[in-house]
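The following exercises are to be worked with the sequence and the model side by side. Each task is followed by a solution that goes step by step.

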Amino acid sequence: METKIERKKFGIADFKEEEKWLLEQHKSGWKLVKTNGIKYYFEKCNAEEWIYQLDFNENTEKDESYIQMFLDYGWEYVFHYGKWFYFRKKREGWDTANTIFSDNASKIEMYKRIIYHLFELSIPLFLFSCMILYLFAFTTIFHGDDFLDKAIPWAGITMMVATSFSFGQFLKLFKMVFDLRNPIQ
Amino acid sequence: MNKKIQKIYIPMTETGFYILFCLQEEMHAYNITERVKEMTNDEIVISAGTMYTNLSKMEKDGLIQYTKETNSRKLYIITNLGQNILDIELKRIERLYKNSKGELYNGN
């Protein structure tokens, strides 16, 4: 069985691009086996048009009925990475069969779940990095010579940069919600 | 009647309405989609993710309850609260329909 590995980084708000990329890969004869967020593992398959859909599901306890539901609707369960569940299905005739969300309200609910999750991750990190940098800039803390005194301000800067990246993802998610609520004629 | 629940669910989304309406009978997710397809001449086809989101939310808010699980499929049924909400929504739809036909709504 021929396999390949591709390195690709998708932000938490980039799942639509990820779905599109996986569809293109499958069209070229490579189906997704699994990913760890950085490396994507593919297996050779028939080059066909398969729709990939990602769901963000917060119920971390093993819920077999969740996956069974998707199977009932004709989806193949690929695997899950954290809260992200990967499903795929060969393209069918009508529109709503090819998406896991058939109305805007449920799409918006999904985007909101991701926003809350991102918020929970990045806000504490952001506040913590602010505190470190404040202490470094305005006090004598971290101005010593030992390793921690040197390392902690750099860690603070790194955290600050990481949370700035999150800010961009927030904006993207808010825009996605806004666009669904205000479709351009 | 919980005012907050009413505010959230009235008026209902089309999807929400059909799901709650179907769950007056005990059934599982895919049954509901099939029943709704039948009722609406295939015009409304509820997808998996939408169904899961709605069922989870309605269960959490007490409008439906989980009865049993067979072959990894959860069956649900409407609760008293759910029936009350549905009845309010049905009256609203009746009013809308009567008015749309040029009739005055007299509260019945």
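Contact here means heavy atoms within 4.5 Å, and helices (H or I, at least four residues) and strands (E, at least two) are DSSP runs, numbered from the N terminus. The model is predicted, so that local features need pLDDT of at least 70 and side-chain atom pairs count only at pLDDT 80 or more, while totals for chains, interfaces and linings use all residues. Residues are numbered from 1 along each chain as its sequence is written, chains are lettered from A and ligands numbered from 1 in the order in which they are written, and side-chain values use heavy atoms, with hydrogens and water left out.

**Exercise 1. The helix pair of chain B**

Task: describe how helix α2 and helix α4 of chain B pack, and state which residues meet.

Solution. Begin with the geometry: α2(B), residues 14–22, and α4(B), residues 48–60, pack at an angle of about 65 degrees, and their axes are 11 Å apart. Axes are lines fitted to C-alpha atoms, for helices over the stretch in contact, and angles run from 0 to 180 degrees between N-to-C directions. α2(B) is therefore roughly perpendicular to α4(B), a term that covers 65 to 115 degrees, whereas angles under 35 count as roughly parallel, over 145 as roughly antiparallel and the rest as oblique.

Next, take the handedness: the crossing of α2(B) and α4(B) is right-handed, the near helix being turned clockwise from the far one by less than a right angle.

Finally, list the residues: Thr15(B), Gly16(B), Ile19(B) and Leu20(B) on the α2(B) side meet Thr50(B), Met51(B), Asn54(B), Leu55(B) and Met58(B) on the α4(B) side. Sorted by type, the residues of this contact are five nonpolar, four polar and no charged, where Ala, Val, Leu, Ile, Met, Phe, Trp, Tyr, Cys and Pro count as nonpolar, Asp, Glu, Lys and Arg as charged, and the others, Gly among them, as polar.

**Exercise 2. The frame of chain B**

Task: place the helix pair within the chain as a whole, and relate the chain to its record.

Solution. Chain B has five helices and three strands, and along the sequence these follow the pattern α-α-β-α-α-β-β-α. The C-alpha trace of chain B spans about 50 × 35 × 20 Å along its principal axes.

An unreviewed UniProt entry gives "domain: Transcription regulator PadR N-terminal" for residues 23–86 of chain B; positions are in the numbering used here, feature names are shortened, and annotations may be inferred rather than shown by experiment. In the model, that span is 48% helix and 23% strand, and its end C-alpha atoms lie 10 Å apart.

**Exercise 3. The sheet β1-β3-β2 of chain A**

Task: work out which strands stand at the edges of the sheet β1-β3-β2 of chain A, and how its strands pair.

Solution. The sheet is open, with three strands and antiparallel pairing; two strands pair if DSSP finds at least two bridges between them. β1(A), residues 3–7, and β2(A) each have a single partner strand, so one side of each is left without a neighbour in the sheet. Neighbouring strands are turned by 30 degrees against each other on average, direction ignored.

Five bridges join β1(A) to β3(A), and Ile5(A) stands opposite Tyr41(A). On the other side, β2(A), residues 30–35, pairs with β3(A), residues 39–44, over five bridges, and Leu32(A) faces Phe42(A). The hairpin of β2(A) and β3(A) has three residues between the strands, and Gly37(A) takes a positive phi near 95 degrees. Helix α1(A) lies across β1, β2 and β3 of chain A, at about 30 degrees to β3(A).

**Exercise 4. The sheet β4-β6-β5 of chain A**

Task: repeat the analysis for the sheet of order β4-β6-β5 in chain A.

Solution. This open sheet of three strands also pairs in the antiparallel sense, with β4(A), residues 50–56, and β5(A), residues 76–81, as edge strands. The twist averages 20 degrees from one strand to the next.

Seven bridges join β4(A) to β6(A), residues 84–90, and Ile51(A) has Lys89(A) as its bridge partner. β5(A) and β6(A) pair over five bridges, with Glu76(A) opposite Arg88(A). Their hairpin has two residues between the strands, and Gly82(A) in the turn has a positive phi of about 65 degrees.
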